[in-house]
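Student: Could you take me through one part of this structure closely? I would like to see how the helices pack and how the chains are related.

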Protein chains: 2
Amino acid sequence: MNLSRDNLSSLRIDANRLWQSLMTLAQIGGTDKGGVCRLALTDLDRQGRDLVTSWAREAGMTVTVDQIGNVFMRRPGRQPDLPPIMTGSHIDTQPTGGKFDGNYGVLAGLEVVRCLNDHGIETEAPIEVAFWTNEEGSRFVPVMMGSGVFAGAFSLEHAYKAQDQEGKTVLQELQRIGYVGSEVPGQHPVGAYFETHIEQGPVLEDAGVTIGVVSGSLGIRWFDCIVTGMEAHAGPTPMPLRRDALQVATQLMQAVVDSALQHAPHARGTVGMVHVHPNSRNVIPGRVKFSIDLRNNTDAGVDAMAEEIRSVAESLQARTGLSIELTLVSSFSATAFHEECISAITDATVQLGYSHMPVVSGAGHDAIYAARLAPSGMIFIPCKDGISHNEIEDAKPADIEAGCNVLLHAMLAKAKVVLPP
Amino acid sequence: MNLSRDNLSSLRIDANRLWQSLMTLAQIGGTDKGGVCRLALTDLDRQGRDLVTSWAREAGMTVTVDQIGNVFMRRPGRQPDLPPIMTGSHIDTQPTGGKFDGNYGVLAGLEVVRCLNDHGIETEAPIEVAFWTNEEGSRFVPVMMGSGVFAGAFSLEHAYKAQDQEGKTVLQELQRIGYVGSEVPGQHPVGAYFETHIEQGPVLEDAGVTIGVVSGSLGIRWFDCIVTGMEAHAGPTPMPLRRDALQVATQLMQAVVDSALQHAPHARGTVGMVHVHPNSRNVIPGRVKFSIDLRNNTDAGVDAMAEEIRSVAESLQARTGLSIELTLVSSFSATAFHEECISAITDATVQLGYSHMPVVSGAGHDAIYAARLAPSGMIFIPCKDGISHNEIEDAKPADIEAGCNVLLHAMLAKAKVVLPP
C-alpha cells in the first residue's frame, strides 16, 4: 500500500471477516435459541479464550496474561516504549446471553489489527486488544472483576476469594483453566482505551442513529425505602382512620419517576422491587418495602434527585404520620470519558459519514474502570429493541461494521501513523 | 318481682356473670398471649359447645341441633307457637383469635336469659340463643358456613364436603364431635334476629361512642388488575422510551383510594396485594398484578366506584399504551338490616342512656345471612384499637355490659312482656 492521507482515510475494516469471527466465537456455548451461555472461568470460557488468543497469534500479536486472568494481545508499534493504544471488552456472557455483548468489543479490536496487517500499516504506538475477566458477574461477584482489579477498585485477594454457587473460587477456576498470568494487574501501561459495545438500550434505534458517542456513565444511587403504617381489615376500617402504607408508598414511587422527568434528558428513576406486607387482598397494607434506583450523568445531578426524594418522603411523613425510612444501599460515581477520546471517536464518525449522537452509558462497562487509569472512550451501536442479556439480543451487520470502522480510525488517530512526506 | 313498666325498664343484666362466662369459655383453647385458638369442629370446639349448652340447660333452656351443627337454645314463651326472638353468633375462633369475637354474641344471649330467669320475667314469644357452625372459615371454607346453609346461600351437601388441610370433611368432623342434629337447616322459625358483636374496626373507639347501631353490611366488589408494560434495564433506558408497568399501576392504585374518598363516608377502597414482575432492583417492571377491594353501603354505590375505576383504567391505557386488564373475581351484595330491629336497638340504647351512632358492618357476620330469612339487626361495641382476629383483641367490661343491656331490651321489645294492668 502506498500510504497517503487520502488512502489512510479510505481504510475500512473487513465486515464479513468480523461477522464470521463473531459467529464462530458464538458457537462456543451457543444455545438453541441463538444465544450464548459462556460463564466466566468455565471450560467454555477457556475454549473462547484459547480461540481468540490463537487468532491474535495468527495475526502476529503477542499475548500476556495478568494475575486476574485479563488477557492483553499486542501488535507492536514503531516506538515500543510508547504506552499502547488499547481496546477491549469481555468474552464471558450471561447464562442466557447473546452473541454481541462484550464479544463485539474484543473481536472489533482484533479486526482493527487484521485490517492494519492487510494494508501493512505501522503505528507509532503499539495497538493492544484486551479481554477482561468476568465482566458479567453472573457466576462470581463483583461484576467487572478483571477491569476492577486492574483499576484498583478492589483487591486481587478479594476477587480470588469470590465463590460460585458450588463454592468454587475464582483462583481455583483461573488455575484450572490455565489463565493465571504473572503480570501484576494495573501495572500494564495504557496510552488510551476505547471500547465498542452494543448500546443495550433503545436510544440509538429509536433515533435512527448509527453511532453513539458515549460521553460517560451515569452516577447511581440505590435506596431501600420502608413505609410503615398499620395493617387492618379492609372492611371495617373507614378511610379516615386508615394508616395505609401502600397508599403512601405509591406517592413516593411516583415522585421517583417525576424527579427523573424533571431532570431530563439523562436522569432515570426506577422502582423495580416492591414487597407488600401482609399482601392479602382484604387487609390494608401495614408495611411496604421498595427499591429506588436513581441515575444521572453527573453526581451533582443524581444527588439533587436523591435530595428531592428525601424531601418528598419527609413531607409525606409529616402529612400522613406514617414512618418512611430511606436507606442508601449503593452509590456509584458518574464517569466522564476523556475529551480526547470523545473527540477521536467523533472525528472518526464524521470522517466516515455515519450518523451519530452523544449518549450516556446507563449500564456498567470495563471502560468505566479503565477510565480511572487512562483517557478512555466508548462507541455504541444500536441493538434490536434495546434488548441484551437475552438470547434474542441482536445487532445489524451494517452497524457492527460501522462501529468497527469508527474504532479503527479513532485508534489510528491516537496511535498515529507517520505518513511519507 | 312485681312487674311494672318502670321496673321492667330498669332491668339490667349481671355484668360480672357475663364477664366470668366469657373468661371461662376463653379457657377452652386459651393461648399464652391471652387469646383463643378454638377452630371449628375440633375437640376444643366440642368442649366449648358442651360447656355452653350445659349452661343453657342449667338456665332451663332446651337445646336442638340442625344437620350442619347449628345449635338453638330455647327459653319458652307464653305463646309457644310464636316464632322465637333469636340472638346468637359463633364460638369458633381464628387460629390466633381473641376472647370476644363471636363468643360475646352467644354469651350475651345466654346472659339475657339468665337475667330474665333471675327476675321471673316471662315473654310472649320464646327467646332463643343460637350458635352457628364455622363462622370463621379458618379450618373449612366457605366462611359463615352454618348460617349460610341455614339461609340457603349454599347447600348442606356443599358444606359437608368441605375439607380441612388434612383432608377431613365437615361431615366427618361433625359426626366425630357428635354435633350432627336432625333438624333441616332453615326450617327453624325465626321471628327476629339480633346479634351483638365487637366492632372489629376503629369507628366507635375513635368517636368515643358505646353502641353502634348497625344499619347493614357493605356491598363488596373484588377485582384483579394486571398492567403489562415492557421490562428493560433501568440504566440504559431513558424515561421517554419506558413502558413501566408499576408507574401506571400506582396511578390506578391511587384512583382506588380516591374513589373511596369521593364516596364518603361508607365507601372503602383497598389495594392489599401487589406482585411485581420481575421484581428486581435495576429492572423496569414489565408486569404488575394487584388486587382491588371496593366496598360501599349500597350496591349502586359500590358499582359506581367500580365504574370509576374502569374509566380511569381505560384512560390510563389510552394515554400510556400499556395494557390494563380488570377482572371481577368476587361480588357480595350490600345488606340493609330491618327497620324494626334497628328501631328496637336504637330505642333500647336511648332508654338506657348510652351514647350511640349508626355504623355499617364492613366484615361478614352470621346476621347477614339471618337477614335473608327474618328481620335482623346488629349491635356493635368498641374493641381496643379496632383489632380483632388477633390474640390481643380486647374490649372494655363496661362496653360488654352495655351491649348486653341493649340486647336485653331490644329482644324484650320484640318478644313482648305483658305487664299487669
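Tutor: Happy to; here is a walk around one helix and its partners, followed by the relation between the chains. Please keep in mind that this is a predicted model. Two packed helices are described by the angle between their axes and the distance between the axes. Let's begin in chain A, where helix H4 (residues 103–118) packs against helix H13 (residues 397–415) at about 60 degrees, the axes being 9 Å apart. Angles of 65 to 115 degrees count as roughly perpendicular, and this pair is oblique. The crossing of H4(A) with H13(A) is right-handed. On the H4(A) side, the contact is made by Tyr104(A), Ala108(A), Glu111(A), Val112(A) and Cys115(A). Facing them from H13(A) are Ile400(A), Gly403(A), Cys404(A), Leu407(A), Leu408(A) and Met411(A). Nine of these contact residues are nonpolar, one is polar and one is charged.

Now turn to chain B, where helix H2 (residues 15–26) and helix H13 (residues 397–415) have axes that come within 10 Å and cross at roughly 110 degrees. H2(B) and H13(B) are therefore roughly perpendicular. Here Ala15(B), Leu18(B) and Trp19(B) of H2(B) meet Pro397(B), Ile400(B), Glu401(B) and Cys404(B) of H13(B). That contact has six nonpolar residues, no polar ones and one charged.

Finally, the two chains: chain B superposes on chain A after a rotation of 179 degrees with 0.0 Å of shift along the axis, at an RMSD of 0.1 Å. This is the relation of a two-fold axis. Thr250(B) is the residue of chain B closest to that rotation axis, with its C-alpha at 2.7 Å. The copies meet through the same surface, because 100% of the interface residues of chain B are also interface residues in chain A.

Terms used. Residues numbered from 1 in each chain as written. Chains lettered and ligands numbered in written order. Predicted model: local features only at pLDDT ≥ 70, side-chain atom pairs only at ≥ 80, totals over all residues. Axes fitted to C-alpha atoms, helices over the stretch in contact; angles between N-to-C directions. Helix = DSSP H or I, 4+ residues; strand = E, 2+ residues; numbered from the N terminus. Parallel < 35°, antiparallel > 145°, perpendicular 65-115°, else oblique. Left-handed = near helix turned anticlockwise from the far one by under 90°. Contact = placed C-beta atoms within 7 Å. Nonpolar A, V, L, I, M, F, W, Y, C, P; charged D, E, K, R; others polar. Least-squares fit on C-alpha atoms with pLDDT ≥ 70 in both.
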